[in-house]
Amino acid sequence: MAKHFSESDIEEFRDCFFLYARQKAITSVEELTIIMRSLGFSPTVEELARYYDNYAKSNVIDFATFLDIMYEHSQNEKCQQEIVAAFLAHDKSGNGYVSAKELVHILTNFGEKISKPEVDRLFKEARVQDGVRCDDILRVLLTPLPDY
C-alpha cells in the first residue's frame, strides 16, 4: 500500500507504529487503537475489531499490513473535516466558538456518546471553560488519551 501514501505519511506511520507497537508488531486491538488515534484517525471500536480480525496473522500485524489497514480506513474516514463541519454547524455566531453547554449536549447525545466523566476529562485537557474554539477541541479529540 506504499503507493497510496506519500513518503512523509509512511515515515509518520512508521514512527508511530514502532513507538507504540510493543513487540515491533501490533499484538492487540488496544495497540491498533492507540496507533491509529495517535495518527489522527478515529476508527470506531467495531472497525478496530474488524481490522484486527481481518488482518492479524497469528494475532500479529506487521508494518506492511498496518499500511493496508491505514489505506482501507483512510478511504472511509475524513475525520478532521467531519469534526470541523460538525463544529461549524453548531457555531451559531460564525466566530469559531461553541459554548461549553452546547458541546456537552452534542458529546453526550449524538454519535458515539461519551459519559459525563469523559466530557469532564476532555474539557480539562482542552482547557474548556465557557466555550471552546475549533482548533483547541480538534487538538484534544485527535490525540489519544494516555493510559496511565
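**Why these words fit**

Guide: Ser58 lies in the loop between H3 and H4. The model we are looking at is a predicted one.

Visitor: Why is Ser58 called exposed?

Guide: The relative accessibility of Ser58 is 71%. Exposed means over 50%, so at 71% Ser58 earns the word.

Visitor: What is special about the phi of Ser58?

Guide: Phi of Ser58 is positive, about 55°, although Ser58 is not a glycine. Asn59, in the loop between H3 and H4 as well, has a positive phi near 60° and is not a glycine either.

Visitor: How do you know whether Asn59 is buried or exposed?

Guide: Look at its relative accessible area, which is 53%. The cut-off for exposed is over 50%, so Asn59 counts as exposed.

Visitor: Where does Asn95 sit, and why is it called partly exposed?

Guide: Asn95 is in the loop between helix H5 (79–89) and strand E1 (97–99). Its relative accessibility is 40%. Buried needs under 20% and exposed needs over 50%, so 40% leaves Asn95 partly exposed. As for its surroundings, the C-alpha atom of Asn95 is 9.6 Å from that of Cys134, a residue 39 places away along the chain.

Visitor: Now a helix, please. What makes Glu31 a buried residue?

Guide: Glu31 belongs to helix H2 (residues 29–38), and its relative accessible area is 3%. Buried means under 20%, so Glu31 is buried.

Visitor: Which residues does Glu31 touch, apart from its neighbours within four places in sequence?

Guide: Glu31 is in contact with Tyr20, Ala21, Arg22, Ala25 and Ile26. Glu31 has company inside H2, where Leu32, Thr33, Ile35 and Met36 are buried too. The cover over the buried residues of H2 includes helix H1 (7–20), H3 and H4. Just after H2 comes Gly40, with a positive phi of about 90°.

Visitor: How do H1 and H2 pack?

Guide: Their angle is about 145°, and their axes are 9 Å apart. H1 passes H2 in a right-handed crossing. Cys16, Phe17 and Tyr20 of H1 make the contact with Glu31, Ile34, Ile35 and Ser38 of H2.

Visitor: What makes up this contact of H1 with H2 by class?

Guide: Five of its residues are nonpolar, one is polar and one is charged. Glu counts as charged, so Glu31 is the charged one. Ser is in neither the nonpolar nor the charged list, so Ser38 is the polar one.

Visitor: Why are H2 and H4 called oblique to each other?

Guide: Start with the angle between H2 and H4, about 60°, with the axes 12 Å apart. Roughly parallel needs an angle under 35 degrees, and roughly perpendicular begins at 65. An angle of about 60° fits neither, so H2 and H4 are oblique. H2 passes H4 in a right-handed crossing.

Visitor: Which residues bring H2 and H4 together?

Guide: From H2 they are Leu32, Ile35 and Met36, and from H4 they are Phe66, Ile69, Met70 and His73. Six of the residues are nonpolar, one is polar and none is charged. His is not listed as nonpolar or charged, so His73 is the polar residue here.

Visitor: What makes H3 and H4 an oblique pair?

Guide: Helix H3 (residues 45–55) and helix H4 (residues 63–76) pack at about 140°, with axes 11 Å apart. Roughly antiparallel means over 145, and roughly perpendicular ends at 115. With about 140°, H3 and H4 fall between these limits, so they are oblique. Their crossing is right-handed.

Visitor: Which residues meet there?

Guide: Glu47, Arg50, Tyr51 and Tyr55 in H3 meet Thr65, Asp68, Ile69, Glu72, His73 and Asn76 in H4. By class, three are nonpolar, three polar and four charged. Asp, Glu and Arg count as charged, so the charged four are Glu47, Arg50, Asp68 and Glu72.

Visitor: What does the whole protein come to?

Guide: Its secondary structure has eight helices and two strands, in the order α-α-α-α-α-β-α-α-β-α along the sequence. Of its 148 residues, 36% count as buried. The accessible surface is about 9,200 Å², with 51% belonging to carbon and sulfur atoms.

Key:
Residues are numbered from 1 along each chain as its sequence is written. This is a predicted model: local features need pLDDT of at least 70, side-chain atom pairs count only at pLDDT 80 or more; totals for chains, interfaces and linings use all residues. Side-chain values use heavy atoms; hydrogens and water are left out. Buried means under 20% relative accessible area, exposed over 50%, partly exposed in between (1.4 Å probe, protein chains only). Contact means heavy atoms within 4.5 Å. Axes are lines fitted to C-alpha atoms, for helices over the stretch in contact, and angles run from 0 to 180 degrees between N-to-C directions. A crossing is left-handed if the near helix is turned anticlockwise from the far one by less than a right angle, and right-handed if clockwise. Accessible areas come from the Shrake-Rupley method with a 1.4 Å probe; for residues, only the protein chains shown count as cover.
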